[in-house]
Amino acid sequence: MITWNYDDENSTVTTDQLRFIFSINYRFDEVEEVGCFNIKHVDKSSRKAHFFSTAQFHGDYELVRTLFDSGQSSNLELDLDF
């Protein structure tokens, strides 16, 4: 199971695992007028960061959006006492 943390102020989801840290940040590109995701993968053993990005017109956008949405909702807390 992967535990995500969602930062609403920065529109970022992050998971801190044993060997790596993985984060996805969403932003709207006002010039291109499309949604964009920036992905950062940090290898803890080498301390190297790898950066990737995708935008709505790329084929991998939906996959990253699904990961982002999953991470965003995993931090959700509901009070069902009505």
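**Notebook: Thr12, helix α1 and Ile2**

I began with Thr12, which lies in strand β2, residues 12-16, and I note at the outset that the model I am reading is a predicted one. I looked up the accessibility of Thr12 and found a relative accessible area of 15%, so I entered the residue as buried, the cut-off being under 20%. I then followed the side chain of Thr12 and found a polar contact with the side chain of Asn25, at 2.9 Å. Setting aside residues up to four places away in sequence, I listed what Thr12 touches: Asn5, Tyr6, Asp7, Ser23, Ile24, Asn25 and Phe68.

Phe68 led me to helix α1, where I recorded Phe68 as buried, together with Tyr61, Val64 and Gly71. Seen down the axis of α1, the buried residues fall within an arc of 100 degrees, so I noted that they line one face of the helix. I recalled that an α-helix has 3.6 residues a turn, so residues three or four places apart point the same way. I looked up what covers the buried residues of α1, and the cover includes β1 (5-7), β2, β3 (20-29), β4 (34-43) and β5 (48-55). I also checked the length of α1, residues 61-74: at 1.5 Å a residue its 14 residues should span 20 Å, and the end C-alpha atoms are 20 Å apart, which agrees.

Last, I turned to Ile2, which sits in the segment before β1 and is partly exposed, with a relative accessible area of 48%. I found the C-alpha atoms of Ile2 and Gly71 to be 8.8 Å apart in space, although the two residues are 69 residues apart in sequence. Leaving aside neighbours within four places in sequence, I recorded contacts of Ile2 with Thr15 and Gln17.

Notes. Residues are numbered from 1 along each chain as its sequence is written. This is a predicted model: local features need pLDDT of at least 70, side-chain atom pairs count only at pLDDT 80 or more; totals for chains, interfaces and linings use all residues. Side-chain values use heavy atoms; hydrogens and water are left out. Helices (H or I, at least four residues) and strands (E, at least two) are DSSP runs, numbered from the N terminus. Buried means under 20% relative accessible area, exposed over 50%, partly exposed in between (1.4 Å probe, protein chains only). A polar contact is a pair of N or O atoms within 3.5 Å; within protein, one must be able to donate a hydrogen and the other to accept it, and residues adjacent in sequence count only if both atoms are side-chain atoms. Contact means heavy atoms within 4.5 Å. The expected span of a helix is 1.5 Å times one less than its number of residues. The arc is that of the directions from the helix axis to the C-beta atoms.
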